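Good morning, colleagues. Please take a moment with the sequence and the model before we turn to its interior spaces and its sheets.

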Amino acid sequence: MTTRPEPTLRLACINCAAAPLFEPAGADGRRLGYEPAVGALLAETLGWDLAWVYLPWAEMLPSLGDGRADAVLCGQSIIPTRQAVADFTAPYAVFHESVLVRAGDAVTSPEGLRGKRIAAIASSTNMALAETFDEAVTVPFSGESGDVFGEMLAALRAGDVDAVVDDDVVFVPLAGSAEFDLAFTVKTGNRWGLAVSKSRPSLLDALDEALAAIKGDGRLAAAWDEWLPRLKYPFTAE
């Protein structure tokens, strides 16, 4: 009698350094960070195996349609443009948005960005925020490489841009470093969820049930406290 293999949850993400969200996969394939911890908890709760599918940022949502991945667990704010092409679970994180500048740059508010070049991922919530900064020049990064975050930081170091907008969580290790300063944070409350193909409602329901379980029993809060201790856990009222 053959044993039926457990289903495998294939989650799309980029494979780069963006601590404390995630680090590049180790030689053994192990991933460290908050999002890998969330993925592991969901798979454990479902009783499924877990596999990460590494793709450039721009290919993650398309991977749901062509079958390369079952869901995207990688910095996806739940916004209308993404909801038009995929369904989303309840949020597993809520973050605000921050502006990073080179160390010593005297920027503490949007007014200080007038005439400056502001980098953000194209068509993201971060770019939408950058576009509200009066007289700032937005510089979109396409996300077609495997490390769009690293590309934006490299451009900031080189002076090709004057600031980078991203969610506050990815700037935690960088703020106040020898290279960068955290200019300011805007309390946008971006809700991050797993993206799932609209053709797979049963998978969406299963992921939502697993997510509710790990919120309810405290395992999600424990993962947050382990990886994001400097940020407030957003689901205490749930």
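How many cavities of 30 Å³ or more does the structure hold? The answer is one. Before going further, I should state that this is a predicted model, and every value I quote today is computed from it.

Let me begin with that cavity. The largest cavity has a volume of about 210 Å³. Its lining is made up of 20 residues, and those closest to its centre are Trp 57, Gly 75, Ile 121, Asp 166 and Trp 192. As for secondary structure, the elements that give two or more residues to this lining are α4, residues 125-130, α5, residues 148-158, and β8, residues 163-167. By class, the lining of the largest cavity divides into 12 nonpolar, five polar and three charged residues.

I turn now to the pockets. The largest pocket contains about 320 Å³ of space. It is lined by 17 residues, and the closest to its centre are His 96, Asp 168, Lys 187, Arg 230 and Leu 231. Three elements give two or more residues to the lining: β5, spanning 93-102, α6, spanning 168-171, and β9, spanning 180-192. The class composition of this lining is nine nonpolar, four polar and four charged residues.

The second largest pocket holds about 230 Å³. Here 14 residues form the lining, with Trp 57, Leu 61, Arg 82, Ala 122 and Ser 123 closest to the centre. Please note Trp 57 in that list, since Trp 57 is also among the residues closest to the centre of the largest cavity. Eight nonpolar residues, five polar residues and one charged residue make up the lining of the second largest pocket.

Next, the sheets. As general background, strands of a sheet pair through backbone hydrogen bonds, in either a parallel or an antiparallel arrangement. One open sheet has five strands in the order β7-β6-β8-β5-β9, and its pairing is mixed. At the edges stand β7, residues 137-141, and β9; each has a single partner strand, so one side of each is left without a neighbour in the sheet. On average, neighbouring strands of this sheet are turned by 25° against each other, direction ignored.

Within this sheet, I would draw attention to β8. Is β8 largely enclosed by the rest of the structure, or is it open? Five of its five residues are buried, so β8 is largely enclosed. The two pairings of β8 account for the mixed character I mentioned. With β5, the strand pairs in the antiparallel sense over five bridges, and Val 101 stands opposite Ala 163 in β8. With β6, residues 117-121, β8 runs parallel and is joined by two bridges. In that pairing, Ala 119 has Val 164 in β8 as its bridge partner.At the edge of the sheet, strand β7 contains Pro 140. Where does this residue lie relative to Ala 119? The two are 21 residues apart in sequence, and their C-alpha atoms are 5.8 Å apart in space. Pro 140 is exposed, with a relative accessible area of 51%.

There is also an open sheet of five strands in the order β2-β1-β3-β10-β4, with mixed pairing. Its edges are β2, residues 49-54, and β4, residues 87-88; each has a single partner strand, so one side of each lacks a neighbour in the sheet. Two bridges join β3, residues 71-72, to β10, residues 195-196, and these strands run antiparallel. Across this pairing, Ala 71 stands opposite Val 196 in β10.

I close with the cysteines. A search of the whole structure finds zero disulfides. Why does Cys 16 form no such bond? The closest cysteine sulfur, in Cys 74, is 7.2 Å from the sulfur of Cys 16, which is too far for a bond. Cys 16 counts as buried, at 3% relative accessibility. Cys 13 is buried as well, with a relative accessible area of 0%.

Note on methods. Residues numbered from 1 in each chain as written. Predicted model: local features only at pLDDT ≥ 70, side-chain atom pairs only at ≥ 80, totals over all residues. Heavy atoms only, no water. Disulfide = S-S within 2.5 Å. Buried < 20%, exposed > 50% of the residue type's maximum accessible area, 1.4 Å probe, protein only. 1 Å grid on protein atoms, 1.4 Å probe; cavity = no way out; pocket = protein on both sides within 12 Å on 5 of 7 lines; lining within 4 Å. Points joined across faces, edges and corners; volume = space filled by probe spheres on them. Helix = DSSP H or I, 4+ residues; strand = E, 2+ residues; numbered from the N terminus. Nonpolar A, V, L, I, M, F, W, Y, C, P; charged D, E, K, R; others polar. Pairing = 2+ DSSP bridges. Axes fitted to C-alpha atoms, helices over the stretch in contact; angles between N-to-C directions.
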